Amino acid sequence: MKIEEVQSTTKTQRIATHSHIKGLGLAEDGSALPIAAGLVGQEKAREASGVVVELIKSKKMAGRALLMAGAPGTGKTALALAIAQELGVKVPFCPMVGSEVYSSEVKKTEILMENCRRAIGIRIKETKEVYEGEVTELTPEERPDPAGGYGKKVTAVMIGLKTTKGTKTLKLAPQIYDSLQKEKVQVGDVIYIEANSGVSRRVGRSDQYATEFDLEADEYVPVPKGEVHKKKEVVQDVTLHDLDMANAKPQGGQDLSSIMGSFMKPRKTEITEKLRLEINKVVNRYIDQGIAELVPGVLFIDEVHMLDIECFSFLNRALEADSAPIVIMATNRGITNIRGTDYKSPHGIPLDLLDRMLIISTQPYTSREIRKILDIRAEEEDVEMTEEAKELLTKIGTESTLRYAIHLITVANLVALKRKAQEVEVQDIRRVYSLFVDVKRSTQFLIEYQQEFMFSEVGEATEEHAKDAPMPQA
């Protein structure tokens with residue numbers, strides 16, 4: 001008997017900065033649990049975010065804005081992503097950074113408008129006639145190629161479909177056979193074919209074949225109920241920007257001049273306001289007829305202080321629109337200049353826009369909360385650490401920054417693996433602490449050796465007050 005080792009079929013996923021965030025971690029009564037769903041601490045901010053989620057789900061917060069203000073590394077982006085997790089995949093969530101609006105090709109307000117329309121979803125419901133069932137027969141009808149040669153041409157395909165109520169054999173066009181071949185449909189698969197358009201789609205493998213031994217396990221689905229030929233309600237989720245792009249592209253001809261003309265056109269073009277108004281009219285008509293449903297999503301603008309006065313004026317107007325998304329902004333600035341002006345304002349945002357916002361403040365983490373966050377990140381990155389190493393890393397995170405301490409987890413693990421150790425110890429933390437400096441020690445180095453650097457503007461008075469930053473002791 002031959003025994004072969006098979007590699008795991010589980011999908012590998014890259015570990016990102018916020019990949020451990022699964023939700024807001026709230027109890028049923030809306031109160032924040034101390035540690036839940038990947039979040040630690042920030043109870044008031046999480047409870048406030050939970051109220052915002054309920055407002056969004058009830059569709060009572062369209063055209064409102066939310067500002068998350070706090071020092072760097074206090075979990076503002078994590079809270080925004082937790083809100084996205086709570087809303088689910090059906091609600092559009094469009095993240096962007098404030099500096100994205102500055103382009104030499106497109107106006108700033110146009111980029112903001114595009115992202116606003118990306119954050120507004122349309123749920124379209126259509127009733128279509130479909131043939132649905134488990135494939136029992138798939139036989140192409142062939143005849144000799146009229147062009148000559150030894151090849152054969154498919155003229156039709158006989159396909160048998162079975163449901164819980166009965167079976168039906170269909171004779172379909174060769175184009176549908178090509179579509180089925182691309183989907184790799186075989187006997188035992190569950191498919192559905194639209195009667196009008198001929199669009200076919202493979203749903204999955206019939207659950208009657210679920211006992212087969214197959215390493216590449218397929219998605220098993222039950223055999224469809226009812227008749228093979230039926231009317232089915234199909235729900236499609238799109239955004240207003242999808243509709244804009246679909247209607248903005250000109251449907252040119254197939255001749256050489258049309259193809260060359262499409263290549264010569266710039267890749268990034270602005271969608272006219274006239275087109276958007278026409279699409280809004282069609283969407284509103286569909287909503288009145290009950291065919292479509294408006295799903296206001298979330299536009300998340302990180303580093304919102306990077307926007308200038310023109311963008312803020314545009315956002316003021318955009319929030320007053322009937323189909324406005326919920327805008328969540330994040331900033332780590334205090335009282336600073338509004339970009340494009342000489343006026344100072346809290347968070348670098350004009351006061352008239354601040355007045356429209358619900359503001360959530362995030363507080364710095366305590367040493368106990370930093371320890372819990374490091375435990376969660378170590379588990380997420382699959383790193384084993386001794387208690388002494390975790391205590392030292394917590395002290396580093398308290399005296400420098402949490403982000404710096406999190407960065408040291410994986411690099412310390414790599415150093416531990418080099419010396420054939422199974423878990424990270426204090427000596428590994430000390431080693432990487434000496435190899436990679438944090439912001440405070442880097443600034444200290446610049447002050448000490450300012451004469452060696454070009455264009456240094458640090459005065460000599462600063463050098464007298466400079467102090468060494470010793471290594472935290474476990």
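**How many residues line the largest pocket, and which of them lie nearest its centre?** This predicted model has 27 residues lining its largest pocket, and Thr 17, His 18, His 20, Arg 403 and Ile 406 are the ones nearest the centre. Keep those five names handy for the first view.

**View 1. A look into the largest pocket, which has a volume of about 660 Å³.** Start from Thr 17, His 18 and His 20, then find Arg 403 and Ile 406, since these residues lie nearest the centre. Now look at who else chips in: the elements giving two or more residues to the lining are β2 (39–40), α2 (76–87), α10 (367–380) and α12 (402–418). Which element gives the most to this lining? That would be α12, with 5 residues. As for the mix of classes, the pocket lining has 10 nonpolar, 11 polar and 6 charged residues.

**View 2. Helices α10 and α12, packed with their axes 10 Å apart.** Both helices also turned up in View 1, each giving two or more residues to the pocket lining. Here the angle between α10 and α12 is about 30 degrees. Angles under 35 degrees count as roughly parallel, so that is the word for α10 and α12. Their crossing is right-handed. On the α10 side, look for Ile 370, Ile 373, Leu 374, Arg 377 and Ala 378; they meet Leu 402, Ala 405, Ile 406 and Ile 409 of α12. Sorted by class, this contact has 8 nonpolar residues, no polar ones and 1 charged. You've met Ile 406 before: it is one of the residues nearest the centre of the largest pocket.

**View 3. Helix α1 (residues 43–57) against α2, with axes 10 Å apart.** Roughly parallel or oblique: which describes α1 and α2? The two pack at an angle of about 40 degrees, and they are therefore oblique to each other. The crossing that α1 makes with α2 is right-handed. From α1 come Ala 45, Arg 46, Ser 49, Val 53, Ile 56 and Lys 57, while α2 brings Leu 79, Ile 83, Glu 86 and Leu 87. That contact splits into 6 nonpolar, 1 polar and 3 charged residues.

**View 4. A cavity with a volume of about 40 Å³, the largest in the model.** How many cavities of 30 Å³ or more does a search of the whole structure find? Just 1. Its lining is made up of Leu 39, Val 40, Gly 41, Gln 42, Arg 46, Thr 74, Gly 75, Leu 79 and Tyr 365. Two of those names should ring a bell from View 3: Arg 46 of α1 and Leu 79 of α2 also take part in the contact between those helices. Leu 39 and Val 40 fall in β2 (39–40), one of the elements that help line the largest pocket. By class, the cavity lining has 4 nonpolar, 4 polar and 1 charged residues.

**View 5. Helix α3 (residues 108–118) crossing helix α8 (residues 309–318).** The axes of these two helices come within 10 Å and cross at roughly 40 degrees, which means α3 is oblique to α8. As α3 passes α8, the crossing is right-handed. To trace the contact, pick out Lys 108, Thr 109, Leu 112 and Met 113 on α3, then Glu 310, Cys 311, Phe 314, Leu 315 and Arg 317 on α8. By class, you'll be looking at 5 nonpolar, 1 polar and 3 charged residues in the contact of α3 with α8.

Terms used:
Residues numbered from 1 in each chain as written. Predicted model: local features only at pLDDT ≥ 70, side-chain atom pairs only at ≥ 80, totals over all residues. Heavy atoms only, no water. 1 Å grid on protein atoms, 1.4 Å probe; cavity = no way out; pocket = protein on both sides within 12 Å on 5 of 7 lines; lining within 4 Å. Points joined across faces, edges and corners; volume = space filled by probe spheres on them. Helix = DSSP H or I, 4+ residues; strand = E, 2+ residues; numbered from the N terminus. Nonpolar A, V, L, I, M, F, W, Y, C, P; charged D, E, K, R; others polar. Axes fitted to C-alpha atoms, helices over the stretch in contact; angles between N-to-C directions. Parallel < 35°, antiparallel > 145°, perpendicular 65-115°, else oblique. Left-handed = near helix turned anticlockwise from the far one by under 90°. Contact = heavy atoms within 4.5 Å.
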